[in-house]
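Please look over the fold of this chain. A short report follows, from one strand pair outwards to the whole chain.

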Amino acid sequence: EVLLSSSRSKRKELVVHVIGASYEAELWYNLEDAADAYSEALENLAITKKVRTVRIIFIGPECPKDDVNEERDMGNNTRLILETSRQNYDKSLSTTAANLLVFFNPGFTCPDYDWGSALSHIKPGTPFLVTTNTEMEGISDVQYLHERGWMDNIPPGIEDIIMGESGGNMKEEGKGCTSFFSENPYAGSRVRQSGTMAND
């Protein structure tokens, strides 16, 4: 839906913010390789939805000291732009507003990290994607987001796990739910871990 609505906009641009990004984990210390990988991963979606520009902005204090602005031709008059911004998401961002937010393995429930400010600066109604390393961590992150009001409802399939002991009343599975929880069927076989900025 995000891609479809973006393709109908005048700019035909999809803007993705990767929050808590690091040069090691999301950009692999190699912008050429990262640009190749993101271009390959997004090419079919961008072409199918007629998005002319995919702009991915990596935001976090572990991004490169000098901000990056890398552009790549994805074919079919589609371009990929990778940008970095070395700051927290809770600062005054002087960057393009996002159509979609991504948190790669944020560890919302880990006491070493505080995501409250970043989450509170998300524009209401902006869709976001959260990945985790394990199912247990994913369930904990869903519970964290739901309890703090950043998710209206709990995805089908894990209500019983989260609400089982508390005896809470959940909506009928799937009714009015705007979220999902599942294994990524497109996950690659390579695992990258940074050990910094919650990307562990």
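## The β3-β4 hairpin

G75 stands across from T78 in β4. This is a predicted model. β3 and β4 run antiparallel and are joined by six bridges. Together they form a hairpin, with two residues between the strands. N76 sits in that turn and has a positive phi of about 55°.

## The sheet

Where does the hairpin sit in the sheet? The order is β3-β4-β2-β1-β5-β6, so the hairpin strands come at the start of that list. Six strands make up this open sheet, and the pairing is mixed. The edges are β3 (69-75) and β6 (128-131), and each of these pairs on one side only. On average, neighbouring strands are turned by 20° against each other, direction ignored.

Strands of a sheet pair through backbone hydrogen bonds, in either the parallel or the antiparallel sense. β4 (residues 78-85) pairs with β2 (residues 53-59) in the parallel sense, over seven bridges. In this pair, F58 stands opposite T84 in β4. Helix α2 (residues 31-48) packs on the sheet. The helix touches β2, β3 and β4, and its direction makes about 45° with that of β3.

## I162 in helix α5

Is I162 buried or exposed? I162 counts as buried because its relative accessibility is 11%, and the cut-off for buried is under 20%. The residue lies in helix α5, which spans residues 159-163.

Which residues does I162 touch, leaving out those up to four places away in sequence? They are I139, V142, Q143 and I154. Take Q143: 19 residues separate it from I162 in sequence. In space, the two C-alpha atoms are 6.9 Å apart.

## The chain as a whole

The chain holds five helices and six strands. Along the sequence they follow the pattern α-β-α-β-β-β-β-α-β-α-α.

How much of the chain is buried? Of its 200 residues, 39% count as buried. The accessible surface comes to about 12,000 Å². Carbon and sulfur atoms account for 45% of that surface.

Contacts reach along the sequence too. Among those between residues at least 6 apart, 69% join residues at least 24 apart.

Note on methods:
Residues numbered from 1 in each chain as written. Predicted model: local features only at pLDDT ≥ 70, side-chain atom pairs only at ≥ 80, totals over all residues. Heavy atoms only, no water. Helix = DSSP H or I, 4+ residues; strand = E, 2+ residues; numbered from the N terminus. Buried < 20%, exposed > 50% of the residue type's maximum accessible area, 1.4 Å probe, protein only. Contact = heavy atoms within 4.5 Å. Areas by Shrake-Rupley, 256 points an atom, 1.4 Å probe, with all protein chains shown as cover. Pairing = 2+ DSSP bridges. Axes fitted to C-alpha atoms, helices over the stretch in contact; angles between N-to-C directions.
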